[in-house]
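Student: Let's work through this model together. Where should we start?

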Amino acid sequence: MLKLLIIGLGRQGHKHFLASKKLEEEGLLQIVGICDIKKNDEINKPFYSDYKKAIEEVQPDAVIISTTNDTHFDISSFCIKNGIHVLKEKPMNLNMDDARKLLKLAKENKCILKVAQQRFFKQNYIVARNWLPDVGEIDLIDYKFTLSNDTYSWYCNNKNGGGSWYGLGWHACFVINWFFGNPNDISVVMKTIDNIKDTNVDNVDLATIHFNNKSIGRILTSSAYDKKQESFFVHGKSGSILVEDKDIFLYDNNGLILQHRTINHDSMYPYIKQIKDFLKNIDNKKEFVDLLSYKTMAMLYAGIKSANNNSEFIKV
């Protein structure tokens with residue numbers, strides 16, 4: 001049975017733990033330890049504050065990493081060098097050089113390296129992608145993802161790799177890549193709204209993207225809005241698609257609803273499916289390269305370069 005170590009038990013890490021616990025109950029894996037800077041007495045598993053010590057003592061086959069963004073490269077590379085498969089939270093890394101180094105390390109050590117992406121397993125996005133042929137040639141894409149973040153955390157700190165573009169922009173870049181491939185170029189404007197004291201990262205981002213077929217797109221991400229909202233709109237020559245939370249709509253060119261579906265699966269469903277997919281990759285014992293995440297990282301980082309260069313368009 002695969003031995004799993006969970007590194008990081010914050011908001012996302014706890015979800016990964018609950019999903020892993022479910023799979024442990026099904027006999028698909030064994031959680032051999034938890035590593036975090038804060039001990040959780042409610043979890044009856046070996047607990048560590050040092051991931052290197054945890055790895056030395058429990059000898060895991062795989063890890064799930066959900067720590068602050070600035071720690072991802074060091075932890076991931078240490079695990080891979082020790083022959084441990086890695087499922088890590090987004091982003092892939094904070095820059096393209098480190099992303100390339102991790103992929104190279106994974107290949108050299110014959111390890112699976114995957115970036116967690118729950119939307120890939122959410123039925124609303126799967127249905128929307130299946131409807132793409134019904135809307136014809138795409139001319140407009142619009143993605144919006146906002147959160148209401150009113151408490152200071154590492155997410156507000158540049159040193160920890162925080163900011164809404166790294167956090168929320170990743171999801172936008174991933175979905176667009178999954179549906180359409182990378183755009184030709186991207187321009188990003190980043191702003192900081194001082195709604196939380198000592199915030200020194202972007203919490204409002206507006207991106208414009210161009211595709212080679214002349215279609216355009218817009219991405220709005222923010223962790224400083226008054227509520228959580230996520231929507232994805234695709235307009236084509238023959239109709240349009242709207243994904244809004246659990247609802248998916250297919251419209252004709254006159255705005256009439258052709259199809260409407262509501263997906264009500266459990267919120268843990270994509271986390272469980274994601275870990276099962278990770279286990280499948282490991283069991284196959286074949287070389288695996290997470291190209292979709294690498295391409296997503298290329299788009300995300302091109303956006304960062306754009307923001308650092310007066311929002312000029314940067315080729316992806």
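Student: How many of the 17 residues of α6 are buried?
Tutor: First, the basics. This is a predicted model: local features need pLDDT of at least 70, side-chain atom pairs count only at pLDDT 80 or more, and totals for chains, interfaces and linings use all residues. Residues are numbered from 1 along each chain as its sequence is written, and side-chain values use heavy atoms, leaving out hydrogens and water. Helix α6 (helices are DSSP runs of H or I, at least four residues; strands are runs of E, at least two; both numbered from the N terminus) is mostly covered, and its buried residues (under 20% relative accessible area, 1.4 Å probe, protein chains only) number 16.

Student: How far apart are the end C-alpha atoms of α6, residues 164-180?
Tutor: The expected span is 1.5 Å times one less than the number of residues. For 17 residues that gives 24 Å, so the model agrees with a distance of 23 Å.

Student: Where is the kink in α6 centred?
Tutor: The bend at a residue is the angle between axes fitted to the seven residues ending there and the seven starting there. In α6 the kink is about 35°, and its centre is Trp170.

Student: Which residue in β3 is the bridge partner of Ile34?
Tutor: Ile34 lies in β2, opposite Ile6. Strand β2 (residues 29-35) runs parallel to β1 (residues 2-7), joined by six bridges. β2 also pairs (at least two DSSP bridges) with β3 (residues 47-48), in the parallel sense. There, the partner of Ile34 is Phe47.

Key
Buried < 20%, exposed > 50% of the residue type's maximum accessible area, 1.4 Å probe, protein only.
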